[in-house]
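Welcome, and thanks for having your viewer ready. Let's take a short walk through a few places worth selecting.

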Amino acid sequence: MSSTAGTSAPQVEGHFLDRIGIPQVLKWGFLGVLLFMTGLGVESNILTPHLVEVLHSKESAVAAIIASYSLAVAVGSYLSGALSDLIGPKKVMMIGFLVWAVFQVGFILAMASGVFWLVAVTYFFRGFGMPLFTFSFLVWVNITALKSKAGTAIGWFYVMFTGGLPTLGSLVAIGAIPTFGGGVGGETGAIIFSCVLNVAGFLLVWLGCHDEKGKRRIAPEGETASQVIFSGLRLTFTNTKVLQGFLVRLINTAPEFGMFIVMPAVISTSLGWGQSRWLAMTVAVYAGNILFNAFFGNLGDRLGWVTTVRWFGVFASAVSLLAWWYVPHMVPAGSGWGYIVSVVAGVCYGIFLAGFVPMGAIMPANAPQHRGAAMAMYTTAAGGATFLGTAVVTIVLNITGAFGMSTFAQNSAVIWTFVALYACAFIMVGNLRTEQDDPEHRRKIKEADTQALAIQEANENRVTIQDPAGRD
C-alpha cells in the first residue's frame, strides 16, 4: 500500500491544479511565462528616461519609439492567435522567442551606438517577439482548461503575466541597477542581465509542456492558410459582439501602459520621491494585481463574466485610476506618509484592473464556432492596449502642449481621456452576455466538469491499485 500511495501522489497534484484553474499539463508553461515577462519587466519603468539619456533626445521623440514598438506588439498579438490556429501554439512560442532574441541583441548594440534610427528599428521588430511568445500560450490555456474554470485559468495566466511585467521585473531592476554600478551604466547592465530570465522562461515552456493540443493545428482542416490567418479580421467585421469585445479589451490595460510614460517622472522627480520609490510603488501596485487576477477569474466563473468585468473591471478601475493620479498631488510632495497613501491609491487600481480577466473567456464564448479567430482578436486587443495607451499619451500631450497648458494640466487631460474610454467600455460590455452569465448554465457546467474529474481520478486510482508501476 505504501508503494501505491507514493505512485499516486503526482496524480493528486495534477487534479489539485486542475481544480484551482491551472491545467496540470501546462504548469511549467505558467512559470515560464512568469520568468519571460519578468525579464521584459526589468526595463518597463526605466526605459523612457534611459533612452532620453543615451540618445540625448527629447521625451516626445522617445515616446514615438515606444509607440512604434507598441504597434508591433499589436500586430504580433493578432498573429499569435492566428498562427496558433494554423500551426499550434507551441511552435508559435518558439518563433516568438527567436524573434525576441535576435532583435534584443540588436537593440542592446544599437543603444550602445547611440544611433536613434537604429534603436527605433531594432526595438520595433523586437516588439513582435513578446506577444508571439506569451499570447500564443494564452490560446493554449484557453483550449486546454476546464470549461467551468475558463475564467480562473485566464486569471492565472495574468497572475504570471503581470507578476513579471512590471512587478517582479521592477523588483529585479531595483536590485540590479545599483549592482551594475547605478546610473545609466547600471540600467544598461540590468537590461542585459534580464535576458537570462527570458531564456530561462523559454526553456521551461519548451522542455516542460508536452500537451498534444498545443502542438497541432486548431482551425478546421478544410480552411486554407489565408482563411485561417484572416479569420479574426473577418469575424470582427461580421460579429458585432466580437468587435465590442475587442474594443473593451483594447481599453482594458491602455491606461496601465500610459501610466508607465506619465508617472515615472512625476513620482520620482516632480513630487520628489526618487526612482527607487517609483519602482517600489510599481511593485506594490501590480503585486495587488497579481493577487487578484485569479480571484476575479474565479469570481467571474461564479458570479458571471459580464457582471464581474462591468463593475469590478470597468467602473472600479476608472475610479481608482483617478485616485492614483490625484492622491499623490494632494499630499505633501516627498513626504513619507504621503507616499504610503499614494501607493495605496495605486494598489487599488492594480487590484480592480484584474476585474477585466473574464474578457478572455467572454470573447471566444461570443463566437463559439470560431473560438480561435476570436482569441486572435482578443490577443490583438491585449497587445494593442500597449499601442493605445502610448498613443493616447503622445496625442494628448502634443495637443495640450500646443495650447501652452501646464505639465500637470496636460497629464490630467491624459488621465481623463482614459476615464472617458472606460465609460465607453462600460456601455459595450453590457452587450456581451453569454450562456455562462445564466446561473443555471454555470451550475450544469460545473457539475459536468466535477463528474469528469471524478471519473478520471477513479480510473487512474484503479490502474494504480492493480499495478503500482502503472502497467496494464
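## Stop one: a charged trio

Start by selecting glutamate 447, which counts as partly exposed because its relative accessibility is 39%. Now add arginine 443: its side chain meets that of glutamate 447 in a salt bridge, at 2.7 Å from N to O. Keep in mind that this is a predicted model. The two residues are four apart in helix H19, so about one helical turn separates them.

Next, select glutamate 440, which also forms a salt bridge with arginine 443, with the closest N and O atoms 2.4 Å apart. Here the spacing is three residues within helix H19 (residues 439-466), again about one helical turn. Glutamate 440 is partly exposed at 36% relative accessible area, and arginine 443 is partly exposed at 38%. Show Glu440, Arg443 and Glu447 together and you have a network of salt bridges.

## Stop two: another pair

The structure holds five salt bridges, so let's visit one more. Select glutamate 221 and arginine 217, whose closest N and O atoms are 4.0 Å apart in a salt bridge. Is glutamate 221 buried or exposed? Glutamate 221 is exposed, with a relative accessible area of 65%, while arginine 217 is partly exposed at 22%.

## Stop three: a nonpolar patch

Finally, select Leu303, Trp311, Phe312, Phe315 and Val319, which make a nonpolar surface patch of about 470 Å². Which helix gives the most to the patch? Helix H14 (residues 305-330) does, with four residues. Leucine 303 sits in helix H13 (residues 274-303) and is partly exposed, at 40% relative accessibility.

Methods. Residues are numbered from 1 along each chain as its sequence is written. This is a predicted model: local features need pLDDT of at least 70, side-chain atom pairs count only at pLDDT 80 or more; totals for chains, interfaces and linings use all residues. Side-chain values use heavy atoms; hydrogens and water are left out. Patches are made of residues with over 30% relative accessible area and no salt bridge: like charges are joined within 9 Å, nonpolar side chains (Val, Leu, Ile, Met, Phe, Trp, Tyr) within 5 Å. Accessible areas come from the Shrake-Rupley method with a 1.4 Å probe; for residues, only the protein chains shown count as cover. Buried means under 20% relative accessible area, exposed over 50%, partly exposed in between (1.4 Å probe, protein chains only).
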